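Visitor: I have a structure open and would like to read it feature by feature. Where shall we start?
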Amino acid sequence: MNGKSLNIIEEKLARLREVLPEAFAEGAIDWEKLRVMLTRDGEFKDERYHLNWAGKTEAYRALQSPTTATLAPCREESVGFDGARHVFIEGENLTVLKVLQKACFGKVKMIYIDPPYNTGNDHFIYPDRFAMSKKGYQKRVGDMDDDGRLTREDLFRKNSRDNGHYHSNWLSMIYPRLFLARNLLRDDGVIFVSIDDNEAHNLRLVMNEIFGEENFVGVVAWKKTSGDNKPSFAFTHDNILIYGKMTNEIPRQALDERQRQQYKNPDNDPRGDWAESDYRSKWTKLERKNLYYAIKNPNTGEEIYPDTHSDSPRVWGCSKETHLENEKDGLVWWGGDGKSKEPRKKRFLSSHKGTNVRSVWLDAGTNDDASRELNLLFPDAKGIFDNPKPVSLLKKILSVCQSTDGIFLDFFAGSCTTAHAVLELNKEDGGKRKFICVQMPEACDEKSEARKAGFKTIADIGKERIRRVIKNGRLNAGLKVFKLRESNFKLWRGDVQDAAELAAQMQLHTDPLVDGAEEEDILYELLLKSGVSLTAPLRDHGGWWLAEDAGAKIAVALQRIDAATLKDILAAEPDKVITLDRLFQGNDQLKTNTALQMNDAGVGFEVV
């Protein structure tokens, strides 16, 4: 009881919804659809098969607008920074995906994400005004408290089911991120996305549009729990949608230990271990009459038919001619004692081509398993993270890819189960997989177990989990931590028109570096924006650095440019040299001579 009189409009809408539920979209009347339904001259203005929602144009603008942001190294939160091949990035993931476009374009083997499911209680970034400007969006993405945490009140919005753009808000959030993510995949790359039934239908349509319906691989139902969460219906599974970048195929899976144990060699066959299979087929005599014939048991002389106890008996799995060839090749098995009454077919392990990926996973761990895993890692903070994914699930997903190296990306990293699984799998099989995990510094609730244990943000939980897995497992692995930051270079304002302001801006840009910019931050920004990976080996040559990535060498000089330095740089035979304009100190002759020497050596030269 709220003490208010009857809302006549709401009452009439409720009655209309009972009669014409198809005339409503996101809780409101779709007038165009209602007009088509109730009049003979009504028509849809845009009759074509496509996905549309309120805010789709803005979603496109969000992914198309460039960013000048960078990633700053954070050595104090890393493990073995210089030699590390794994990366954790703290920052808003849409901007991070943009920052990674050059360095990771077409390099990622697999992406796994566990985005907000849009249950009605999720908080995530979405424009609450669909005409929000780029500047306004960037301001919200940059809102942080004094401790550097993204503030939920200013940044995250609860997408309530009462919201008039309930599904649209979620689509506006997920669309640009998936679009940018596709760019990062290798041609043979695969993406896995966990989702429940709230948005599974919309996610399928979004991914069809971005990845292409022809690249749909399948949907896996993962049994996440055995508990009931509704009086009449138990939702015990999540969906995992799988798409390839340029294929709808994934490798057949190697046999697991249980399957491998079925293969033995009781007769010492020189062809190795084998397993028995049924010699009969699924067909019946009515369908394949030529496959119904007698086979003589060589041990007893008895003639055996495939089936004599049915009105439509089954038949053998091959013709009589092929059977005779099988006998000649020793492929027919009558049991070790020779007393078997039915033939069996030998299937050799050496010719096994693998098994298909099943669409239902009952043995990939549960949410309860995941909570226990975190409790073991954080015994001082049990219940530190809500609804984590189990390591066994991510191991299974990683195994489906059949790749022991390459980059594996998770940009909704949460508690970093993906990182945990990569580290454990590498230890088990000697693989060289590399992970990139991205997580926003979303503030932990003041009353949460995480906050009580001293973790201020979800990103802090993820980083600490990785560090503990490395330490507890005595793993020979490192971690590079980066944080999303504004550029170290001053931004030119193209909207300045006043002559005095323009003159002031030109004077400001005589030195393009912002005050207080750290040398290592500048180095990584220049490399990142030149397409060099975050884990590329770096060598300090005393004033200049040499990075080697994918067979290319890039030299960066940040301290000085003189004849001796230039000689050393050219001796390293780089493909490109980047330096700061400030190092020439207004000496145009030195800059010109340097450019000429670079050109003569066939080296790209860039001054910033």
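Visitor: Which residues of helix 13 are buried?

Guide: This is a predicted model. In an α-helix there are 3.6 residues a turn, so residues three or four places apart point the same way. In helix 13, the buried residues are T417, T418, A419, H420, A421, V422, L423, L425 and N426.

Visitor: What span should helix 13 have?

Guide: Count 1.5 Å a residue, taking one less than the number of residues. Helix 13 covers residues 417-429, 13 in number, so 18 Å is expected. Its end C-alpha atoms lie 18 Å apart, in agreement. After helix 13 comes G430, with a positive phi near 70°.

Visitor: Which residue other than glycine has a positive phi near 55°?

Guide: E573 does. It sits in the loop between helix 18 (563-571) and strand 25 (576-579). E573 is exposed, at 61% relative accessible area. Q402 is also not a glycine, and its phi is positive, about 55°. Its loop runs between helix 12 (391-400) and strand 19 (405-410). Q402 is partly exposed, with a relative accessible area of 42%.

Visitor: Now the interior. How many residues does the largest nonpolar core have?

Guide: It has 53, and I89 and L178 make the most contacts inside it. Helix 7 (residues 166-184) gives the largest share of this core, 9 residues. Apart from this core lies another, of 48 residues, among them W222, C416, I470 and L479.

Visitor: What does L178 touch, leaving out residues up to four places away in sequence?

Guide: L178 touches I113, I191, V193, L203, V206, M207, I210 and F211.

Key. Residues numbered from 1 in each chain as written. Predicted model: local features only at pLDDT ≥ 70, side-chain atom pairs only at ≥ 80, totals over all residues. Heavy atoms only, no water. Core = buried A, V, L, I, M, F, W, Y, C linked by side-chain atoms within 4.5 Å. Buried < 20%, exposed > 50% of the residue type's maximum accessible area, 1.4 Å probe, protein only. Helix = DSSP H or I, 4+ residues; strand = E, 2+ residues; numbered from the N terminus. Contact = heavy atoms within 4.5 Å.
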